[in-house]
Amino acid sequence: MRSLNGKKMFKDLKNNILNRYKLAALAVFICVITALAWQSDDAYHAYVMAKNLVLGNGFVYNVGERVTATTCPLFTLIIAAGYFVFRKMFLVSLLICIAFSAAAYGIVLKHFCNTKQQVIGSFFVLAGSSCFISYTTSGLENCLLFFLTALFLKVCFCKERYGAKDLFVLAILVALIATTRMDAVLLVAPMAVYVYLAKRENVSFIKAVFIAIGGLSPFVIWELFSVFYYGFFVPNTAFVKLGTGIPVTEYIKRGIVYLATSAFCDVLLIAVPLFVIVLAALAGKAKERWCCAGILLYFIYLIYIGGDFMLGRHFTVLFFMSLIIFLHMQNRDFYGFKTKLCSGAAMLVLALGLLCNLVSPVITTQFLFGNGNSPIADERAGYFRYTSLFNNTLSYFKTGKLVLRNAWNEAGIDEFRQWEQPGGILRMVSGISMYYNSDLYLNDQYALGDPFLSKLPAVREENWRIGHMWRDVPEGYYESAYQDQNLVENPDLHEYLDVIRLITRGGLTDPDRIQAIIDINLGKYDYLIDNYQKTLDENNRVKQP
């Protein structure tokens with residue numbers, strides 16, 4: 001009896017020590033991401049929509065025009081909820097980011113770290129990736145994806161067979177991930193399909209289908225709302241990024257450059273997922289391999305779409321998922337090498353983490369900013385001076401103002417106000433400028449919130465950036481914007497703009513608008529853009545000597 005009590009006391013003591021390690025790791029993690037908290041300018045395009053929703057102007061980018069300029073509707077709605085309660089967008093959005101990122105790491109510590117070595121190792125892996133730390137805040141949707149994918153993997157790895165309730169929870173999580181960012185569903189789709197097809201327990205296939213439909217209903221409801229309210233299934237940003245007319249081969253080349261640059265500037269960000277994919281292929285079980293299939297699929301997808309202009313941003317979620325998968329593989333003691341793998345991985349993590357932290361800032365500065373015109377940017381390095389929590393807190397206590405407003409020159413907007421114009425089209429409108437001038441109608445040639453320009457072919461430059469390909473403004477469109485009427489001179493584009501205005505400004509239940517939505521999604525107006533492109537090609541041939 002004494003022996004059993006002694007073992008129980010030793011186990012309790014060991015658990016208490018482990019829990020203290022976990023609590024300390026989480027506390028330090030929160031301190032690190034809070035100290036380095038910042039916001040991307042792109043986040044403010046979504047904040048504009050959150051602000052308009054709370055103020056009763058609709059879930060729109062420009063008041064009076066139904067357009068979505070956010071790729072992350074669920075996250076934007078959460079930001080709106082926070083802003084509704086506490087009308088300080090800068091602070092509330094950062095608190096939400098910190099809360100989701102901390103909760104995500106809390107799930108890792110509670111459910112996947114069974115030893116103090118794993119606690120320490122997981123902390124150094126995450127802290128060793130500068131890109132991951134950057135996007136724990138930033139104001140973008142990454143933090144929510146960290147949280148949702150951690151929940152998804154927790155549910156997937158907690159048991160071998162899944163009943164109706166478990167299947168429904170998985171479907172709900174898939175729907176929330178898709179509603180957060182549509183393409184992120186690729187990360188979890190292979191595993192979800194595998195569970196539904198091969199791991200059901202006392203659930204027929206037909207019943208599983210109905211469970212899936214019910215679980216996916218949040219995403220389905222959003223898509224139905226999107227096509228009814230905005231006129232399209234995908235956000236306007238999708239047309240901006242992918243509807244450029246640039247060949248797919250060019251996108252793939254940019255995607256490879258994005259992967260290589262991210263790996264060059266943040267070793268752990270790419271090394272960890274690739275290591276886990278290989279490890280799962282060699283020693284993993286089916287569930288681990290299917291999870292890694294999602295990670296590999298997302299790698300391929302990112303290369304196909306050209307990556308991004310923000311250094312490492314879209315690799316951070318698969319990096320985080322890879323760490324969880326690795327910890328799960330360690331915990332099941334595959335091939336009996338648990339101790340050796342744990343200590344070896346910890347040493348590798350420390351070495352690569354130190355290398356990344358020491359070398360990355362120098363490489364990033366020289367490689368990305370050396371020529372001043374790189375298509376890939378370290379956004380935190382560029383914006384930290386103006387958008388960091390630290391600098392804005394100091395400024396607020398000293399002057400009562402945020403330095404956030406100094407991030408962009410608003411000369412063009414000042415001219416609109418000087419001439420008492422309601423707004424118009426500028427060369428570029430930053431998200432921060434848009435947020436603080438949302439009483440004006442503002443769009444730019446990058447067309448992030450412009451439902452008309454986003455459908456036109458992009459101007460191809462030698463050093464073009466993903467998501468930042470500008471469009472030529474057709475004759476009469478500048479005037480159309482600030483006079484609120486169709487003055488476009490090209491007859492094909494004039495007709496196309498009539499359709500866009502009907503969809504984005506007409507009565508929601510107008511039968512003509514409903515028919516226009518159906519027709520434009522079926523491609524019945526594509527010929528108008530094709531005719532415009534032919535006109536441009538002919539004009540260019542005439543100009544050539």
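Is Ile-206 buried or exposed? At 54% relative accessibility, Ile-206 counts as exposed, because the cut-off for that class is over 50%. The model discussed here is predicted. This briefing covers its nonpolar cores, a nonpolar patch on the surface, its salt bridges, and the surroundings of Asn-490.

**Nonpolar cores**

- The largest nonpolar core comprises 128 residues, and the members that touch the most others are Phe-152, Phe-320 and Ile-325.
- Helix 4, which spans residues 89-112, gives the most to this core, with 14 residues.
- A second core, separate from that one, has 26 residues, including Val-240, Val-488, Val-499 and Ile-500.
- When neighbours within four places in sequence are left aside, Phe-152 is in contact with Leu-170, Leu-173, Val-174, Val-188, Met-191 and Ala-192.

**The nonpolar surface patch**

- Val-193, Leu-197, Phe-205, Ile-206, Val-209, Phe-210 and Ile-213 form a nonpolar patch on the surface.
- Together, the residues of this patch have about 720 Å² of accessible area.
- Helix 9 (189-198) and helix 10 (205-215) each supply at least two residues of the patch.
- Helix 10 gives the most to the patch, with five residues.
- The residue of the opening question, Ile-206, is found in helix 10.

**Salt bridges**

- The structure holds 13 salt bridges.
- One of them joins Lys-159 to Asp-166, with 3.1 Å between the closest N and O atoms.
- In this pair, Lys-159 is partly exposed, with a relative accessible area of 32%, whereas Asp-166 is buried, with a relative accessible area of 18%.
- Another salt bridge is formed by the side chains of Asp-308 and Arg-313, at 4.0 Å from N to O.
- Asp-308 counts as buried, because its relative accessibility of 6% falls under the cut-off of 20%.
- Arg-313 is also buried, with a relative accessible area of 6%.
- The side chains of Asp-439 and Arg-417 meet in a further salt bridge, at 2.8 Å from N to O.
- Asp-439 lies in the loop between helix 21 (431-436) and strand 2 (441-444), while Arg-417 lies in helix 20 (residues 411-418), so this pair ties together parts that are 22 residues apart in sequence.
- Asp-439 counts as exposed, at 55% relative accessibility, and Arg-417 is partly exposed, with a relative accessible area of 36%.
- Through salt bridges that share partners, Glu-141, Arg-181, Asp-183, Asp-308 and Arg-313 are joined into one network.

**The surroundings of Asn-490**

- Asn-490 is found in the loop between helix 22 (477-483) and helix 23 (491-505).
- Asn-490 counts as buried, because its relative accessibility of 18% is under the 20% cut-off.
- The side chain of Asn-490 reaches the backbone nitrogen of Asp-492 at 3.0 Å.
- A polar atom of the side chain of Asn-490 also lies 3.0 Å from the backbone nitrogen of Leu-493.
- If residues up to four places away in sequence are not counted, Asn-490 touches Tyr-532 and Thr-535.

How values were computed: Residues numbered from 1 in each chain as written. Predicted model: local features only at pLDDT ≥ 70, side-chain atom pairs only at ≥ 80, totals over all residues. Heavy atoms only, no water. Core = buried A, V, L, I, M, F, W, Y, C linked by side-chain atoms within 4.5 Å. Buried < 20%, exposed > 50% of the residue type's maximum accessible area, 1.4 Å probe, protein only. Helix = DSSP H or I, 4+ residues; strand = E, 2+ residues; numbered from the N terminus. Contact = heavy atoms within 4.5 Å. Patch = residues over 30% accessible without salt bridge, like charges linked within 9 Å, V, L, I, M, F, W, Y side chains within 5 Å. Areas by Shrake-Rupley, 256 points an atom, 1.4 Å probe, with all protein chains shown as cover. Polar contact = N/O pair within 3.5 Å; in protein donor to acceptor, adjacent residues only side chain to side chain.
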